[in-house]
Amino acid sequence: MRKIVYCDGVKILYNKNKLNKGTYCEFGINTGSYCDDIWGQAHYMEHLFFSETPTLSHETIQRYSEIHHLNAFTSFNNVRISFDQSSSQIEECFKICSDMMFNSIINEKFLEKERNIIHNEISQRLSRNKKTILELSFSEKLYQSPQFGTIACGTHESLDKITVKDLQEFREKWFCKENFSVLISTNKSLRAVKKLVKKYITKNLKSNKNFEEKTTRNIVLKAPNFLDVIKKETETNSSLKICFVNQEKPQNPTEKLKFNQLQNYASTMLFRHLFRNVREKKSYIYSISKTSVNTKFQKIFGVSFDVENKDIIACIKEIANTIKDLLETGFSQKEFDDYVKEEKLIEDLTVPHPGKALETMDDQATVYGFFWKQKQVDKLFFSHTLEELNNFFRKNFVSNCMYVSILTNADKKEIPTLKQIEKIFETKKD
Ligand SMILES: [Zn+2]
């Protein structure tokens, strides 16, 4: 049984879990890095949950974290804290999480301690991971603010600007009933869950009648074609990333779901197609990987390649030609059948976990309103036809919504210009 109910204004997403005696629960504040006045605030807040409360010392919180498998994360659109424990411990977990979320102490001492940790997190993300560098730069160009991309923790500069007062105000502003949800999968009854929510959650939350859900729907997507060249002398070869930014998603839940599925379908199939027809045939391509940038607005699909500097242009040409051919012919019946067969196999092998039911919810549900996905996925997913898929692919994966980022130390002459790339991808198709 899956249900969405309200309890004193707080949204509960309840899944009756008959598989085992465990409970998996997430407390969500629908406020992520896109709500930050100073980039990194929401994530900083998440760190402070684990600092100290008037009744729980830092050490006690650490111990509870291990016992109850407490976890927390901040994304682009929410801050969540979760526990995963046998249902006999459910009240204790509610009590602890509630204390951590609502009563954590925000003062200079904790601020400074966590600031160092977060500085490290930022450095790690930026220095080690080529993928992150490309993605960050990508969102910066696309949305004219990296804050709307995938990195929630901010930059070294923005982090240093955050004060105790900023975080207190942040909590004041966003922690209200209208902006809070509890996602729970448990063998306990909905009645029992509601009782706990009343006792540990709603009591601590004010109602904010004037609360306006901050949605990003009004943000205009800046989407001209672009080529982004990031010079990095330390690189030994080049990484290139080619992204397709799809048309705007439909808002109607069923249409949106269908769109998401076709996008997944088409992007995975394109990846597989490129793997077989480009990577396996051209030895100068070291690796290919499927990437996606998950933003509030849309899932942006891309492929990344690692090549020698001298092969950048050849690689782009090869990909362009393969995609052009594919736009002519569409995916073949065999590619399609193979894909569906494998997806079904993965589905069958998936091990049930109490949290599994929650994972299958729409990833953007927190802002656009929840709806349960799994049943509809089963029903819809395998009912798309090859023709539908090919039409979707032709409409959404075209060169007029395409972006190329290159992380490289190559000479100017080895790097194509945007004009050259546009010419390479030029196609007679709409
Ligand atoms: Zn962190």
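A residue counts as partly exposed when the number of other C-beta atoms within 10 Å of its own falls between the cut-offs, 20 or more being buried and 12 or fewer exposed. That yardstick comes up in the views below, all of a predicted model.

**View 1. The whole chain, before zooming in.** Here's the protein chain with its 16 helices and 11 strands. Of its 430 residues, 34% are buried. Take the contacts between residues at least 6 apart in sequence: 81% of them join residues at least 24 apart.

**View 2. Tyr286, a residue of strand β9.** Strand β9 covers residues 285–294, and Tyr286 sits in it. Is Tyr286 buried, exposed or partly exposed? Tyr286 has 13 other C-beta atoms within 10 Å, so it lands in the partly exposed class. Leaving out residues up to four places away in sequence, Tyr286 touches Asn237, Asp306 and Val307. Phe305 is worth finding too: 19 residues separate it from Tyr286 in sequence, and the C-alpha to C-alpha distance is 7.2 Å.

**View 3. Strand β3 and its two partners.** Strand β3 takes in residues 22–29, and seven of its eight residues are buried, so call it mostly covered. Which strand pairs with β3 over eight bridges? That's β5 (residues 79–86), and the sense is antiparallel. To get your bearings on this pairing, look for Gly22, whose bridge partner in β5 is Ser86. Strand β6 (residues 180–186) also runs antiparallel to β3, joined to it by six bridges. For that pairing, pick out Glu26, which stands opposite Leu183 in β6. A handy reminder while you look: side chains in a regular strand alternate between the two faces of the sheet.

**View 4. Helix α10 from end to end.** Does the length of α10 add up, or where does it fall short or run over? The helix holds 18 residues (312–329), and at 1.5 Å a residue it should span 26 Å; its end C-alpha atoms are 26 Å apart, so the two agree. Right after α10 comes Gly330, with a positive phi near 75 degrees.

**View 5. The two sides of helix α10.** The buried residues in α10 are Ile312, Cys315, Ile316, Glu318, Ile319, Ile323 and Leu326. They're on the same side of the helix, because they cover an arc of only 160 degrees around the axis. An α-helix has 3.6 residues a turn, so residues three or four places apart point the same way. Flip your attention to the face turned away from the buried side of α10, and you'll find the exposed residues Asp325, Glu328 and Thr329.

Note on methods
Residues are numbered from 1 along each chain as its sequence is written. This is a predicted model: local features need pLDDT of at least 70, side-chain atom pairs count only at pLDDT 80 or more; totals for chains, interfaces and linings use all residues. Helices (H or I, at least four residues) and strands (E, at least two) are DSSP runs, numbered from the N terminus. Two residues are in contact if their C-beta atoms, placed from the backbone, lie within 7 Å. Two strands pair if DSSP finds at least two bridges between them. The expected span of a helix is 1.5 Å times one less than its number of residues. The arc is that of the directions from the helix axis to the C-beta atoms.
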